[in-house]
Amino acid sequence: MIRIGQGFDVHAFGPGDHVMLGGVRIAHAQGVLAHSDGDVVLHALCDALLGSLALGDIGKHFPPSDDAWRDADSRRFVRAVRDMLSERGYALGNADITVICESPKVNPHAQVMREVIAADLGVDIDRISIKATTTETLGFTGRREGIAALATVLVQRA
Ligand SMILES: Nc1ccn([C@@H]2O[C@H](COP(=O)(O)O)[C@@H](O)[C@H]2O)c(=O)n1
Ligand SMILES: C[C@@]1(CO)OP(=O)(O)OP(=O)(O)OC[C@H]1O
């Protein structure tokens, strides 16, 4: 049996000198406002994986009200969600992720992001796709107010 899931996440830019995207630290003129490390790529991925098995969303499992997740490395969420799927007999088929922002530029970091995500999910790198787009200066991403990510996954019985 195969199932699909989709996820979406946004974080506003705020003070700082880097953003975390796909588990990779990228130097940037601003950081993001978040309870955890604010990694929109990994948050959208977690929501897609959770959604594929109708397990709720990231905030249900890792509430922003819980100090345990303050400044947390979002790779912890990915590995925990992977284990939730595995306990139910499912593993990732493939993931396709789109990052939406004017900057930072994602493509120079996409390969390392794929390696990080593939390692945490225990799959070959060819199952992980990272893409990026601007919104041609339109909307909140176009005004450089924040960064967004979309994820689609297919999961299958292991
Ligand atoms: N944050 C981003 C945004 C875009 N890219 C790459 O640039 C290409 C062109 O973007 P457009 O929005 O003008 O279509 C896009 O296809 C990506 O390859 C990027 O790396 N980082
Ligand atoms: C990741 C969590 C962890 O508390 O908080 P944030 O880093 O604020 O990120 P968000 O995308 O709002 O998801 C909710 C939470 O699960």
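In which strand does Asp9 lie? In this predicted model, Asp9 belongs to strand β1, which covers residues 2–14.

**View 1. Surroundings of ligand 2 in the predicted model.** The residues around ligand 2 are Asp9, Ala34, His35, Ser36, Gly38, His43, Ile58, Gly59, Phe62, Pro63, Pro64 and Trp69. Sorted by class, this shell holds 6 nonpolar, 5 polar and 1 charged residues.

**View 2. Positions that an unreviewed UniProt entry annotates as "binding site".** The UniProt record gives this feature at Asp9, His11 and His43. These positions are spread over 35 residues of sequence and yet cluster in space, with a largest C-alpha distance of 10.2 Å. Asp9 and His43 also appear in the shell that surrounds ligand 2.

**View 3. Asp9 and its contacts.** Asp9, placed in strand β1, is buried because 24 other C-beta atoms lie within 10 Å, where 20 or more are required for that class. When residues up to four places away in sequence are not counted, Asp9 touches Val40, His43, Ala44, Asp47, Ala148 and Ala149; His43, one of these contacts, is itself listed by UniProt under "binding site".

**View 4. His11 and its contacts.** His11 is likewise placed in strand β1, and it counts as buried because it has 22 C-beta neighbours inside 10 Å. Leaving aside residues up to four places away in sequence, His11 touches Val32, Leu33, Ala34, Gly38, Val40, Gly146 and Ile147. Among these contacts of His11 are Ala34 and Gly38, which also take part in surrounding ligand 2, while Val40 is touched by His11 and also by Asp9.

How values were computed
Residues numbered from 1 in each chain as written. Chains lettered and ligands numbered in written order. Predicted model: local features only at pLDDT ≥ 70, side-chain atom pairs only at ≥ 80, totals over all residues. Near = placed C-beta within 6 Å. Nonpolar A, V, L, I, M, F, W, Y, C, P; charged D, E, K, R; others polar. UniProt positions renumbered as here; feature names shortened; annotations may be inferred. Helix = DSSP H or I, 4+ residues; strand = E, 2+ residues; numbered from the N terminus. Buried ≥ 20, exposed ≤ 12 C-beta atoms within 10 Å, placed from the backbone. Contact = placed C-beta atoms within 7 Å.
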